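Open the model in your viewer and keep the sequence panel visible. The stops below tell you what to select and what is there.

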Amino acid sequence: MVREQYLTTTDESGALAPVTEYIYMIGIYGWRKRCLYLFVLLLLIILVVNFALTIWILRVMWFNTEGMGYLQVNEDGLRLEGESDFLFPVYAQEIDSREDSALLVHSSENVTLNARNDNGDVTGSVSVGPSQAEGFGQHFNISSNHDENLFYADINGAVVGKGKLRVTGPEGAIFEHSVRTPMVKAVLNKELKLESPTRSLSMDAPKGVHVKALAGNVDVTAHFDIQLHSTAGLLILDAESVRLPTLPVGEARTSGVSQGMYDIYEVCVCPSGKLFISKAGVSSTCSESQDC
């Protein structure tokens, strides 16, 4: 708004002369003023809403002086109570559970633990998936709570500690190559079975092979031949009785003799090692001409 004001002054001749003075008054009026008030009101509403959301987030996330909700920050690190979901990788030097509970790591896909060197390269990894578990590393070691080595595996082979390997599965253990062990023993009240479905089964020892059944029988079954061989010793069958129920009966050349109501037989051995029986006579009834 401009206002004109006329003042009278005197010049050198003493006559009065009118002087015009302009006064400017600055302000916002009309729709501009309404828009300004509306903008200020909108800023005030946004400020109140942000303050309310901040209070709500602090309340929901349970922020306090020690941390955030179940997550507490202390001198030793972070302590998390209850269950938590991690959407991205977690980097930690050590993860421990509470003394009165177990540590459970659950995932709908798989759980992978990686160990890296100073260059960031993966030097060891353990991955547990829904169908299988895989491990990657230079060697694998399992120890007891007394620091006793129970199992060790590397590129050269696997070693079972404590001097025992116990297989409790219904199908037993399958070995594709030779097995070296001082003793093979079945679990108590269970039978021990050594089987080779398509190949031969061989047991070798420099000082002998001992087969013992304390509360049962020892059965040896083969589709073809069973060979008991001793390079520098005797083959001893130490038992109350040795029976060969399917041994064929040989024909004696001389008339056999009988003692009472029972016939007497003798066991003959062929040069090939085959055994057979024939009725005993006055002299030996074994002859090389028989079916050997």
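**The whole chain**

Of the 292 residues of the protein chain, 7% count as buried, where buried means under 20% relative accessible area, exposed means over 50%, and partly exposed lies in between (1.4 Å probe, protein chains only). The model is predicted, so local features need pLDDT of at least 70 and side-chain atom pairs count only at pLDDT 80 or more, while totals for chains, interfaces and linings use all residues. Residues are numbered from 1 along each chain as its sequence is written, and side-chain values use heavy atoms, with hydrogens and water left out.

Colour by secondary structure: the protein chain has one helix and 16 strands. Helices (H or I, at least four residues) and strands (E, at least two) are DSSP runs, numbered from the N terminus. Among contacts between residues at least 6 apart in sequence, 11% join residues at least 24 apart; contact means heavy atoms within 4.5 Å.

**Stop 1: the helix**

Select residues 31–60, which make up helix α1. This helix has 30 residues and reaches 43 Å from its first C-alpha to its last, close to the 44 Å expected at 1.5 Å a residue. The expected span is 1.5 Å times one less than the number of residues.

Now narrow the selection to residues 35–58, where UniProt, in an unreviewed entry, places the feature "transmembrane region". UniProt positions are given in the numbering used here, feature names are shortened, and annotations may be inferred rather than shown by experiment. Over residues 35–58 the chain is 100% helix and 0% strand, with the end C-alpha atoms 35 Å apart.

Step just past α1 to Trp62, which takes a positive phi of about 55 degrees. Most residues other than glycine have a negative phi.

**Stop 2: two serines in β7**

Select strand β7, residues 122–128. Is Ser125 buried or exposed? Ser125 has a relative accessible area of 15%, so this residue counts as buried. The side chain of Ser125 makes a polar contact with the side chain of Asn114 (2.8 Å). A polar contact is a pair of N or O atoms within 3.5 Å; within protein, one must be able to donate a hydrogen and the other to accept it, and residues adjacent in sequence count only if both atoms are side-chain atoms. Leaving aside neighbours within four places in sequence, the residues in contact with Ser125 include Leu113, Glu134 and Phe136.

Ser127 is also found in β7, and at 18% relative accessibility Ser127 counts as buried. Its side chain makes a polar contact with the side chain of Thr112 (3.4 Å). Beyond four places in sequence, Ser127 is in contact with Asn110, Val111, Thr112, Gln132, Ala133 and Glu134.

**Stop 3: a three-stranded sheet**

Show β9, β10 and β11 together: the three strands form an open sheet in the order β9-β10-β11, with antiparallel pairing. β9 and β11 (157–160) stand at the edges with a single partner strand each, so one side of each is left without a neighbour in the sheet. The twist averages 5 degrees from one strand to the next; axes are lines fitted to C-alpha atoms, for helices over the stretch in contact, and angles run from 0 to 180 degrees between N-to-C directions.

Zoom in on β9 (residues 139–143) and β10 (residues 149–154), which are joined by five bridges. Two strands pair if DSSP finds at least two bridges between them. Which residue in β10 is the bridge partner of Phe140? The partner is Ala153. Ile142 stands opposite Phe151 in β10.

Asp147 is found in the loop between β9 and β10. Although not a glycine, Asp147 has a positive phi of about 60 degrees. At 66% relative accessibility, Asp147 counts as exposed.

**Stop 4: a glycine in a loop**

Select Gly233, in the loop between β11 and β12 (249–250). Gly233 is partly exposed, with a relative accessible area of 48%. Add Gly208: the two glycines are 25 residues apart in sequence and 9.9 Å apart in space, C-alpha to C-alpha.

**Stop 5: β15 and β16**

Strand β15 (residues 265–269) and β16 pair in the antiparallel sense over five bridges. Glu266 has Ser278 in β16 as its bridge partner.

Show the side chains of β16, residues 275–279. Phe276 and Ser278 point to one face and are buried, while Leu275, Ile277 and Lys279 point to the other and are not. In a regular strand the side chains alternate between the two faces of the sheet.
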